[in-house]
Amino acid sequence: MKRALCLAFILLSSAAAARGPRIEPLSLLPLTVMPQGQMDRILALHNEERARFDAPPLVWDERLAREAHIWARDLAQSGRFEHSPASLRRGAGENLYMGTTGYFPPERMVREFLAERDDFRAGRFPDVARRGSWHDVGHYTQIIWRGTRQVGCALARARGQDVLVCRYWPAGNIFGQRVP
């Protein structure tokens, strides 16, 4: 019986490995994936921008941060730079940033998202960019999205790159809705 259970576990583990990146259970990750001061500064940057539009402040969510950490680590280790599949985000929005290790602190990465403000114009999503492409302002609109209530971010480092992933709940950037 014990041998059959072990064989079943090996087969299931092999099948899962063949499907894609290994996702560790949240319970195996550290409770806090960023130093408290860094979390506070990142949250403050988000909320200062939201205050410009009288949007309710975001609260930090550890589960979002731990999920962001899993994806950030996967991107850093693989060298890829792409959004996680929607099925892994379960309805959360996502902002990504990749830069040379140690050169861009996470606060600067978030400021790069906020710099998209220069091309932003209020309107119905996706018609919210001065130059016509919402992709030019998508990080920014996710941050100021009025319906978003929670954020969690994480930084991973590998292959000479730092990867920041921020997750937002509920997601913004919904076609047809007004921004801000």
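Which residues form one aromatic cluster with Tyr97? Keep that in mind, everyone, and I'll give the reply straight away: Tyr103, Phe104 and Phe113 join Tyr97 in that cluster. Before we go on, please remember that we are looking at a predicted model.

Let's start with the overall layout. The chain has six helices and six strands, and if you read along the sequence, you meet them in the pattern α-α-β-α-α-β-α-β-α-β-β-β. Of its 180 residues, 43% count as buried. The accessible surface comes to about 9800 Å², and carbon and sulfur atoms account for 57% of that. Here is a number about folding back on itself: take the contacts between residues at least 6 apart in sequence, and 70% of them join residues at least 24 apart.

Now to the strands. Please find S4, residues 150–158, and S5, residues 161–169. These two pair in the antiparallel sense, over nine bridges. Ala158 stands opposite Gln161 of S5. Two residues sit between the strands of this hairpin, and Arg159 takes a positive phi near 55° there.

S4 has another partner, strand S1, residues 59–60; that pairing is parallel and runs over two bridges. Within it, Trp60 has Val151 as its bridge partner. On the S5 side, eight bridges join S5 to S2 in an antiparallel arrangement. Here Tyr97, which we met in the aromatic cluster, stands opposite Leu164 of S5. S2 is largely enclosed by the rest of the structure, because six of its eight residues are buried.

What joins Cys153 to Cys166? A disulfide does, with an S to S distance of 2.1 Å. Cys153 lies in S4 and Cys166 in S5, so the link ties together parts that are 13 residues apart in sequence. The structure holds one disulfide, and this link is right-handed, with 110° about the S-S bond. If the word is new to you, a disulfide is a covalent bond between the sulfur atoms of two cysteines. Are these two cysteines, Cys153 and Cys166, buried or exposed? Both are buried.

That brings us to the interior. The largest nonpolar core has 41 residues, and those with the most contacts inside it are Trp60, Cys153, Leu164 and Val165. Two or more residues come from each of H2, H3, S2, H5, H6, S4 and S5, and H3 gives the most, with six. As background, nonpolar side chains tend to be buried together in soluble globular proteins. For a feel of the surroundings, look at Cys153: beyond its neighbours within four places in sequence, its contacts include Val33, Met34, Ile42, His46, Trp60 and Leu164.

Last stop, the aromatic rings. The structure holds ten aromatic pairs. In one of them, Phe53 and Phe120 meet edge-to-face, 6.2 Å centre to centre and with 80° between the planes. Phe53 lies in the loop between H2 and S1, and Phe120 in the loop between H5 and S3, so this pair ties together parts that are 67 residues apart in sequence. Phe120 is buried, with a relative accessible area of 7%.

Phe53 has a second ring partner, Tyr140: the centres are 6.5 Å apart and the planes are at 70°, so this pair is edge-to-face too. Tyr140 lies in helix H6, so here the parts tied together are 87 residues apart in sequence. Tyr140 is buried, with a relative accessible area of 0%.

Thanks for listening, and do turn the structure around for yourselves!

Note on methods:
Residues are numbered from 1 along each chain as its sequence is written. Side-chain values use heavy atoms; hydrogens and water are left out. Two strands pair if DSSP finds at least two bridges between them. Helices (H or I, at least four residues) and strands (E, at least two) are DSSP runs, numbered from the N terminus. Buried means under 20% relative accessible area, exposed over 50%, partly exposed in between (1.4 Å probe, protein chains only). Contact means heavy atoms within 4.5 Å. Accessible areas come from the Shrake-Rupley method with a 1.4 Å probe; for residues, only the protein chains shown count as cover. A disulfide is a pair of cysteine sulfur atoms within 2.5 Å. A nonpolar core is a set of buried Ala, Val, Leu, Ile, Met, Phe, Trp, Tyr and Cys residues joined through side-chain atoms within 4.5 Å. Rings of Phe, Tyr and Trp (its six-membered ring) pair if their centres lie within 6.5 Å; planes under 30 degrees apart count as stacked, over 60 as edge-to-face and the rest as tilted.
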